[in-house]
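Thanks for asking me to look this one over. Please have the model open beside you while you read my comments.

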Amino acid sequence: MKLIVLAAGKGERLKPLTNDRPKCMVKYKKKPIIDYIIESAKDCEIKDIAVVSGYKKNILESYLDDRNIVFYRNNKYTTTNMVTTLFCAKDFMDDDLIISYADIVYKKEVLKKLINNKNDFSVIIDRKWKELWVQRMDEPLKDAETLKIKKKCIIEIGKKPKSYNEIHGQYIGLIKISKNILKKVIKIYEKLDRNDEYDNQNFNNMYMTTFIQKIINNSINVKPIFIDGGWVEIDSVKDLSSKMI
């Protein structure tokens with residue numbers, strides 16, 4: 001089992017806290033976000049960890065230098081998004097793989113639940129997402145994304161919802177891909193048209209949810225692994241006061 005942490009982003013909405021450090025080194029409850037992620041992985045006996053850095057990469061790499069972590073770099077972090085960042089670590093993808101955003105804090109039980117499932121492609125879905133969203137914003141529906149499930153598989157993810165009925169839960173930024181289908185997933189990515197648009201974004205700025213939808217559309221079952229809280233997203237200064245439900 002391996003872990004890739006996507007930590008290239010700039011964290012504009014966390015300024016001024018990100019003026020001198022990457023987003024994942026901002027402190028939540030007196031501890032850098034990245035520490036929670038690495039500690040959860042170690043608690044779950046994941047020893048092979050890669051971090052994809054970008055913004056303030058030297059600071060992050062120096063901070064994690066003594067933790068036996070492999071580093072990859074997205075040097076185009078200002079003009080790219082999560083999917084591009086992920087595939088900067090393509091050479092690391094040769095075993096069962098956990099992918100984690102670097103701006104989320106989650107209990108180790110959440111990670112264990114993802115690790116222990118036997119599906120080829122699965123994502124953590126929070127059924128109690130609204131309890132977290134109301135701490136963070138006045139109109140949760142405006143920020144949330146569609147998540148539709150049919151026959152125990154996700155059939156739609158990442159669109160703008162018209163009502164809460166289109167939201168069966170929220171994707172939190174944690175994915176597991178089994179080594180059985182890694183080559184197929186990589187091939188789907190490599191065959192995408194670099195000149196096309198993806199949910200109104202160019203190829204380099206494709207959202208992770210858009211790519212997951214491409215996986216679904218290529219006849220790979222994407223399974224939800226349900227949780228009821230136990231995590232928090234840190235995307236703005238206001239989020240630092242959010243509590244894990």
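The points below go from the sheet to the helices, then to the core and one buried loop residue.

1. A word on the source before anything else: this is a predicted model, so please read each point with that in mind.

2. Let's begin with the sheet. Seven strands form an open sheet in the order S5-S4-S1-S6-S11-S8-S14, and their pairing is mixed. Its edges are S5 (70-73) and S14 (223-227), each of which pairs on one side only. On average, neighbouring strands are turned by 25° against each other, direction ignored.

3. Strand S8 is a good place to see the mixed pairing up close. With S11 it pairs in the antiparallel sense over five bridges, while S8 and S14 run parallel and are also joined by five bridges. Two residue pairs are handy landmarks: Phe121 stands opposite Ile177 in S11, and Asp126 has Ile227 as its bridge partner in S14.

4. How much of S8 is buried? Six of its six residues are, so the strand is mostly covered by the under-20% criterion for relative accessible area. Phe121, Val123 and Ile125 point one way, whereas Ser122, Ile124 and Asp126 point the other way; all are buried. I would look at both sides of the strand in turn, noting that Ser122 and Asp126 are among the buried residues.

5. Next comes helix H1 (residues 33-43). Eight of its 11 residues are buried, so H1 is largely enclosed by the rest of the structure. The buried set is Ile33, Ile34, Asp35, Tyr36, Ile37, Ile38, Ser40 and Ala41. H1 packs on the sheet, where it touches S1 (2-7), S4 (48-53) and S6 (97-101), and its direction makes about 175° with that of S1. Just after the helix, Glu45 takes a positive phi of about 65°, a spot you may like to check by eye.

6. Helix H5 (residues 129-136) makes a nice companion case: its buried residues are Trp129, Leu132, Trp133 and Arg136. Viewed down the helix axis, these residues fall within an arc of 100°, so they line one face of H5. The spacing makes sense, because an α-helix has 3.6 residues a turn and residues three or four places apart point the same way. The packing partners of the buried H5 residues are S8 (121-126), helix H6 (140-143), S11 (170-177) and S15 (231-233).

7. Now for the core. The largest nonpolar core has 85 residues, and those with the most contacts inside it are Ile4, Phe121, Leu174, Met208, Phe211 and Ile212. H1 supplies the largest share of this core, six residues. Leaving aside residues up to four places away in sequence, Ile4 touches Ala50, Val52, Leu86, Ala89, Phe92, Met93, Leu97, Ile98, Ile99 and Ser100.

8. Last, a loop residue: is Asp103 buried or exposed? Asp103 is found in the loop between S6 and S7 (104-106), and at 8% relative accessibility it counts as buried. Its side chain is joined to that of Lys23 by a polar contact of 2.9 Å. Setting aside residues up to four places away in sequence, Asp103 touches Lys23, Ile33, Val232, Glu233, Ile234 and Asp235.

Key
Residues are numbered from 1 along each chain as its sequence is written. This is a predicted model: local features need pLDDT of at least 70, side-chain atom pairs count only at pLDDT 80 or more; totals for chains, interfaces and linings use all residues. Side-chain values use heavy atoms; hydrogens and water are left out. A nonpolar core is a set of buried Ala, Val, Leu, Ile, Met, Phe, Trp, Tyr and Cys residues joined through side-chain atoms within 4.5 Å. Buried means under 20% relative accessible area, exposed over 50%, partly exposed in between (1.4 Å probe, protein chains only). Helices (H or I, at least four residues) and strands (E, at least two) are DSSP runs, numbered from the N terminus. Contact means heavy atoms within 4.5 Å. The arc is that of the directions from the helix axis to the C-beta atoms. Two strands pair if DSSP finds at least two bridges between them. Axes are lines fitted to C-alpha atoms, for helices over the stretch in contact, and angles run from 0 to 180 degrees between N-to-C directions. A polar contact is a pair of N or O atoms within 3.5 Å; within protein, one must be able to donate a hydrogen and the other to accept it, and residues adjacent in sequence count only if both atoms are side-chain atoms.
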